[in-house]
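Welcome to this guided tour. Open your viewer, get comfortable with rotating and selecting, and follow along one stop at a time.

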Amino acid sequence: MAEENVEEIRVAGTLKVYSAPDDTDLPDPLEFPDAATYDADNGLDAAYELVGFTSPDGSQFSDSKTTTKIMVHQRFRGARTIVTEVASSAQFVMRQWNGASVTLGFGGGEVTSPTADVYVYTPPAPEDLQHRIIVMDSIDGDIIQRFIIKRGMVTGDTTVAFARTEASDLPVTIEADETSSTSTAWVLHTNDPAFADYVTGS
(Lines give C-alpha, C1' and ligand atoms only; values in the text may rest on other atoms or scores of the structure.)
Protein backbone atom coordinates (compact mmCIF):
# COMPACT_ATOMS: atom_id res chain seq x y z
CA MET A 1 0.00 0.00 0.00
CA ALA A 2 1.36 3.41 -0.94
CA GLU A 3 2.16 5.79 1.86
CA GLU A 4 4.33 8.83 2.57
CA ASN A 5 7.82 7.39 2.89
CA VAL A 6 11.03 9.42 2.60
CA GLU A 7 12.95 6.18 1.96
CA GLU A 8 11.30 5.97 -1.47
CA ILE A 9 12.65 9.29 -2.74
CA ARG A 10 15.19 8.62 -5.48
CA VAL A 11 18.14 10.76 -6.58
CA ALA A 12 20.30 9.93 -9.59
CA GLY A 13 23.57 10.23 -7.72
CA THR A 14 25.29 8.47 -10.62
CA LEU A 15 24.09 8.06 -14.20
CA LYS A 16 25.55 5.55 -16.64
CA VAL A 17 24.37 5.56 -20.26
CA TYR A 18 25.12 2.73 -22.68
CA SER A 19 24.50 2.16 -26.38
CA ALA A 20 24.58 -1.07 -28.39
CA PRO A 21 23.60 -2.24 -31.90
CA ASP A 22 19.93 -3.19 -32.07
CA ASP A 23 20.75 -6.85 -32.75
CA THR A 24 22.47 -7.17 -29.36
CA ASP A 25 20.81 -9.25 -26.66
CA LEU A 26 18.65 -7.09 -24.41
CA PRO A 27 19.68 -6.77 -20.75
CA ASP A 28 18.56 -9.80 -18.74
CA PRO A 29 16.86 -9.06 -15.39
CA LEU A 30 18.32 -12.34 -14.13
CA GLU A 31 21.78 -10.77 -14.54
CA PHE A 32 20.89 -7.50 -12.83
CA PRO A 33 23.99 -5.88 -11.31
CA ASP A 34 24.79 -5.22 -7.67
CA ALA A 35 25.57 -1.57 -6.95
CA ALA A 36 28.53 -2.57 -4.76
CA THR A 37 30.26 -4.38 -7.64
CA TYR A 38 28.74 -2.40 -10.52
CA ASP A 39 32.03 -1.12 -11.96
CA ALA A 40 33.34 -4.67 -12.25
CA ASP A 41 30.11 -6.21 -13.54
CA ASN A 42 27.26 -4.09 -14.92
CA GLY A 43 25.29 -7.14 -16.07
CA LEU A 44 25.42 -6.11 -19.73
CA ASP A 45 26.70 -7.81 -22.87
CA ALA A 46 30.18 -6.67 -23.94
CA ALA A 47 28.62 -4.93 -26.97
CA TYR A 48 27.13 -2.25 -24.72
CA GLU A 49 29.39 0.78 -24.92
CA LEU A 50 29.47 3.38 -22.17
CA VAL A 51 28.96 6.86 -23.63
CA GLY A 52 31.18 8.32 -20.89
CA PHE A 53 30.66 11.59 -19.06
CA THR A 54 27.31 13.31 -19.46
CA SER A 55 26.18 16.74 -18.33
CA PRO A 56 24.62 16.83 -14.83
CA ASP A 57 21.67 18.69 -16.39
CA GLY A 58 19.33 17.61 -19.13
CA SER A 59 19.38 13.80 -18.86
CA GLN A 60 15.88 12.37 -18.83
CA PHE A 61 13.58 9.60 -19.95
CA SER A 62 10.09 10.52 -21.16
CA ASP A 63 6.96 8.70 -22.22
CA SER A 64 4.00 10.53 -23.70
CA LYS A 65 0.65 9.85 -25.34
CA THR A 66 -1.21 11.85 -27.95
CA THR A 67 -4.97 11.51 -27.51
CA THR A 68 -8.10 12.49 -29.37
CA LYS A 69 -11.45 13.06 -27.70
CA ILE A 70 -14.59 11.76 -29.37
CA MET A 71 -17.30 14.36 -28.93
CA VAL A 72 -21.06 13.89 -28.96
CA HIS A 73 -23.64 16.52 -29.75
CA GLN A 74 -25.39 16.13 -26.40
CA ARG A 75 -22.37 16.74 -24.13
CA PHE A 76 -19.70 19.40 -23.67
CA ARG A 77 -16.96 17.01 -22.60
CA GLY A 78 -15.48 14.18 -24.57
CA ALA A 79 -17.48 10.96 -24.42
CA ARG A 80 -14.49 8.78 -25.27
CA THR A 81 -10.74 9.22 -25.50
CA ILE A 82 -8.53 7.25 -27.87
CA VAL A 83 -4.74 7.13 -28.00
CA THR A 84 -3.47 8.07 -31.46
CA GLU A 85 0.29 8.05 -30.85
CA VAL A 86 2.79 7.05 -28.17
CA ALA A 87 6.30 8.49 -27.94
CA SER A 88 9.11 7.37 -25.64
CA SER A 89 12.57 8.88 -25.61
CA ALA A 90 15.86 9.22 -23.75
CA GLN A 91 17.68 12.54 -23.69
CA PHE A 92 21.19 13.17 -22.47
CA VAL A 93 24.11 15.47 -23.14
CA MET A 94 27.43 13.77 -23.86
CA ARG A 95 30.57 15.55 -22.66
CA GLN A 96 33.19 13.25 -24.21
CA TRP A 97 34.26 13.45 -27.83
CA ASN A 98 35.29 10.20 -29.52
CA GLY A 99 34.19 8.03 -32.42
CA ALA A 100 31.47 6.33 -30.38
CA SER A 101 29.90 9.53 -29.04
CA VAL A 102 29.98 11.34 -32.38
CA THR A 103 28.47 8.46 -34.37
CA LEU A 104 25.78 8.05 -31.72
CA GLY A 105 25.07 11.79 -31.53
CA PHE A 106 24.67 12.21 -35.27
CA GLY A 107 22.84 8.94 -35.85
CA GLY A 108 25.51 6.86 -37.53
CA GLY A 109 28.20 7.60 -40.08
CA GLU A 110 31.78 6.41 -40.09
CA VAL A 111 35.26 7.43 -38.98
CA THR A 112 38.17 7.00 -41.38
CA SER A 113 41.87 7.81 -41.14
CA PRO A 114 43.31 9.03 -44.46
CA THR A 115 46.71 9.57 -42.84
CA ALA A 116 48.35 8.96 -39.48
CA ASP A 117 46.91 11.08 -36.66
CA VAL A 118 44.17 12.59 -38.85
CA TYR A 119 40.59 11.32 -38.62
CA VAL A 120 37.56 12.12 -40.75
CA TYR A 121 34.00 11.67 -39.56
CA THR A 122 31.46 11.38 -42.35
CA PRO A 123 27.81 11.66 -41.28
CA PRO A 124 25.25 9.15 -42.54
CA ALA A 125 23.12 9.69 -45.61
CA PRO A 126 19.56 10.80 -44.78
CA GLU A 127 18.18 7.39 -45.77
CA ASP A 128 20.63 5.51 -43.51
CA LEU A 129 18.83 4.98 -40.22
CA GLN A 130 20.86 3.65 -37.31
CA HIS A 131 18.89 1.89 -34.58
CA ARG A 132 20.48 1.35 -31.18
CA ILE A 133 19.58 -0.11 -27.83
CA ILE A 134 19.91 2.51 -25.10
CA VAL A 135 20.37 1.71 -21.41
CA MET A 136 20.22 4.43 -18.76
CA ASP A 137 21.28 3.33 -15.26
CA SER A 138 20.35 5.71 -12.48
CA ILE A 139 22.21 4.67 -9.31
CA ASP A 140 21.15 5.89 -5.87
CA GLY A 141 23.18 4.13 -3.21
CA ASP A 142 22.20 0.45 -3.49
CA ILE A 143 19.21 1.16 -5.74
CA ILE A 144 19.54 0.93 -9.51
CA GLN A 145 16.84 2.01 -11.95
CA ARG A 146 17.64 0.66 -15.43
CA PHE A 147 15.61 2.20 -18.26
CA ILE A 148 15.96 0.28 -21.53
CA ILE A 149 14.91 1.49 -24.97
CA LYS A 150 14.83 -1.69 -27.03
CA ARG A 151 15.14 -0.08 -30.45
CA GLY A 152 15.72 3.64 -30.78
CA MET A 153 17.18 6.18 -33.16
CA VAL A 154 18.35 9.76 -33.01
CA THR A 155 15.60 12.28 -33.69
CA GLY A 156 15.41 16.05 -33.72
CA ASP A 157 18.40 18.35 -33.79
CA THR A 158 21.94 17.61 -32.67
CA THR A 159 23.38 21.04 -31.96
CA VAL A 160 26.95 21.57 -30.81
CA ALA A 161 27.59 24.92 -29.15
CA PHE A 162 31.05 26.45 -29.02
CA ALA A 163 31.72 28.74 -26.06
CA ARG A 164 34.93 30.03 -24.51
CA THR A 165 34.07 29.01 -20.94
CA GLU A 166 31.76 26.02 -21.39
CA ALA A 167 32.10 22.45 -22.60
CA SER A 168 31.32 21.70 -26.24
CA ASP A 169 28.57 19.21 -25.59
CA LEU A 170 26.85 16.63 -27.79
CA PRO A 171 23.14 16.64 -26.86
CA VAL A 172 21.11 13.74 -28.18
CA THR A 173 17.52 12.56 -28.17
CA ILE A 174 16.86 8.87 -28.83
CA GLU A 175 13.24 8.06 -29.62
CA ALA A 176 11.93 4.52 -29.31
CA ASP A 177 10.66 2.78 -32.43
CA GLU A 178 8.53 -0.33 -32.47
CA THR A 179 10.26 -3.69 -32.25
CA SER A 180 9.46 -6.72 -34.38
CA SER A 181 7.84 -8.43 -31.42
CA THR A 182 4.61 -7.38 -29.73
CA SER A 183 6.40 -6.48 -26.51
CA THR A 184 6.73 -2.93 -25.23
CA ALA A 185 9.23 -0.53 -26.78
CA TRP A 186 10.88 0.14 -23.43
CA VAL A 187 11.12 -1.46 -20.00
CA LEU A 188 12.43 -0.63 -16.52
CA HIS A 189 14.52 -3.07 -14.47
CA THR A 190 15.17 -2.20 -10.83
CA ASN A 191 16.15 -3.72 -7.51
CA ASP A 192 14.10 -1.11 -5.65
CA PRO A 193 12.28 -2.84 -2.75
CA ALA A 194 9.47 -0.28 -3.05
CA PHE A 195 8.19 -2.30 -6.02
CA ALA A 196 7.82 -5.56 -4.06
CA ASP A 197 4.20 -5.03 -2.99
CA TYR A 198 3.10 -4.34 -6.56
CA VAL A 199 4.25 -7.52 -8.24
CA THR A 200 1.43 -8.91 -10.39
CA GLY A 201 -0.24 -11.80 -8.64
CA SER A 202 1.44 -11.21 -5.28
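## First stop: a charged pair

Select Lys65 and Asp63, whose side chains meet in a salt bridge with an N to O distance of 3.9 Å. Keep in mind that this is a predicted model. Side chains of opposite charge can pair when their charged atoms come close. Now switch on the surface: Lys65 is exposed, with a relative accessible area of 55%, because anything over 50% counts as exposed. Asp63 has a relative accessible area of 36% and counts as partly exposed.

## Step back for the whole view

Zoom out and colour by secondary structure. How many helices and strands does the protein have? There is one helix, along with ten strands. Walking from the N terminus, you meet the elements in the order β-β-β-β-α-β-β-β-β-β-β. The C-alpha trace spans about 70 × 50 × 40 Å along its principal axes. Of the 202 residues in the protein, 29% are buried.

## More salt bridges

The whole structure holds five salt bridges, and two more of them are worth a visit.

Select Asp192 and Arg10 next. They form a salt bridge in which the closest N and O atoms are 2.8 Å apart. Asp192 sits in the segment after strand E10 (186-190) and Arg10 in the segment before E1, so this pair ties together parts that are 182 residues apart in sequence. Is Asp192 buried or exposed? Asp192 is buried, at 7% relative accessible area, whereas Arg10 is partly exposed at 26%.

Then select Arg95 and Asp169. Here the closest N and O atoms of the salt bridge are 2.7 Å apart. Arg95 belongs to the loop between E4 and helix H1 (99-105), and Asp169 to the loop between E8 and strand E9 (170-176), so the pair links parts that are 74 residues apart in sequence. Arg95 is partly exposed, with a relative accessible area of 37%, while Asp169 is buried, with 15%.

## Into the largest pocket

To find the largest pocket, select Thr14, Leu15, Lys16, Thr54 and Ser59, which lie nearest its centre among the 19 residues of the lining. The space in this pocket comes to about 390 Å³.

Which strands should you highlight around the largest pocket? E1, strand E3 (60-70), strand E7 (132-140) and strand E8 (143-154) each supply at least two lining residues. E1 gives the most, with four residues. Colour the lining by class and you will find nine nonpolar, nine polar and one charged residues.

## The second largest pocket

Asp63, from the opening stop, returns here: it is one of the residues lining the second largest pocket. Add Val86, Ala87, Ser88, Ala176, Asp177, Glu178, Ser183, Thr184, Ala185 and Trp186 to your selection to complete the lining. The volume of this pocket is about 180 Å³. Strand E4 (residues 80-94) contributes the largest share of the lining, three residues. By class, the lining has five nonpolar, three polar and three charged residues.

## Last stop: a nonpolar patch

Finish on the surface by selecting Val6, Ile9 and Val11. Together, Val6, Ile9 and Val11 make a nonpolar surface patch of about 320 Å². Click on Ile9, which lies in the segment before strand E1 (14-21). Why does Ile9 count as exposed? Ile9 counts as exposed because its relative accessibility is 56%, and the cut-off is over 50%.

Note on methods:
Residues numbered from 1 in each chain as written. Predicted model: local features only at pLDDT ≥ 70, side-chain atom pairs only at ≥ 80, totals over all residues. Heavy atoms only, no water. Patch = residues over 30% accessible without salt bridge, like charges linked within 9 Å, V, L, I, M, F, W, Y side chains within 5 Å. Areas by Shrake-Rupley, 256 points an atom, 1.4 Å probe, with all protein chains shown as cover. Salt bridge = Lys/Arg side-chain N within 4 Å of Asp/Glu carboxyl O. Buried < 20%, exposed > 50% of the residue type's maximum accessible area, 1.4 Å probe, protein only. 1 Å grid on protein atoms, 1.4 Å probe; cavity = no way out; pocket = protein on both sides within 12 Å on 5 of 7 lines; lining within 4 Å. Points joined across faces, edges and corners; volume = space filled by probe spheres on them. Nonpolar A, V, L, I, M, F, W, Y, C, P; charged D, E, K, R; others polar.
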